[in-house]
Amino acid sequence: MYAVIKTGGKQYKVNAGDVIDVEKLSVFVGEEVVFDEVLFAQTDDGIVCGNPCIEGAKVVANVIEQGKGPKVVVFKYKPKKDFRKKQGHRQPYTRVQINQIVLG
């Protein structure tokens, strides 16, 4: 059984027991988080497709870690003009482990 959930403007295909990195959520490590926007689910009986979401369906997960991704370096310059600008960015994320998928 798997489901497709939407969080942080992105869609993720999840199974029970999966560990995924999602856009930063404002929750503490060890807390339980519930994803209500379930777009699609595949079960033993068949598939369930939402319009756009499945009513009463949810995915329950535990927060494992709050972290930052790898550094991305942005370097801008203009030739012959003595303009150089170097910037770095690390995208924050939340690592969650999927506990169960509940269909309503």
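Here are three short exercises, with worked solutions, on charges and cysteines in this predicted model.

**Exercise 1.** Find out how many disulfides the structure holds, and explain the result for Cys 49 and Cys 53.

*Solution.* Start with the cut-off: two cysteine sulfur atoms must lie within 2.5 Å to count as a disulfide. Next, take Cys 49: its closest cysteine sulfur, in Cys 53, is 10 Å away, so the gap is too far for a bond. The count for the structure is zero disulfides. Finally, look at the surroundings: Cys 49 is exposed at 58% relative accessible area, while Cys 53 is partly exposed at 24%.

**Exercise 2.** Work out which parts of the chain are linked by the salt bridges of Lys 10 and Asp 21.

*Solution.* Begin with the total, which is four salt bridges in the whole structure. Lys 10 pairs with Glu 23, with their closest N and O atoms 2.6 Å apart. This pair links strand E2 (residues 10-15) to strand E3 (residues 19-23), across 13 residues. Now turn to Asp 21, whose partner is Arg 95, with 2.8 Å between the closest N and O atoms. Here strand E3 is linked to strand E10 (residues 92-102), and the two residues are 74 apart in the chain. As a last step, add Glu 65, which belongs to a salt-bridge network with Asp 21 and Arg 95.

**Exercise 3.** Locate the patch of positive charge on the surface and place Lys 68 in the fold.

*Solution.* The patch brings together Lys 68, Lys 71, Lys 86 and Arg 90. Of these, Lys 68 sits in strand E7 (residues 58-68). Its relative accessibility is 52%, and exposed means over 50%, so Lys 68 counts as exposed.

Conventions. Residues numbered from 1 in each chain as written. Predicted model: local features only at pLDDT ≥ 70, side-chain atom pairs only at ≥ 80, totals over all residues. Heavy atoms only, no water. Patch = residues over 30% accessible without salt bridge, like charges linked within 9 Å, V, L, I, M, F, W, Y side chains within 5 Å. Areas by Shrake-Rupley, 256 points an atom, 1.4 Å probe, with all protein chains shown as cover. Salt bridge = Lys/Arg side-chain N within 4 Å of Asp/Glu carboxyl O. Lys, Arg positive; Asp, Glu negative; His and termini not counted. Charge placed at Lys NZ, Arg CZ, Asp CG, Glu CD. Helix = DSSP H or I, 4+ residues; strand = E, 2+ residues; numbered from the N terminus. Buried < 20%, exposed > 50% of the residue type's maximum accessible area, 1.4 Å probe, protein only.
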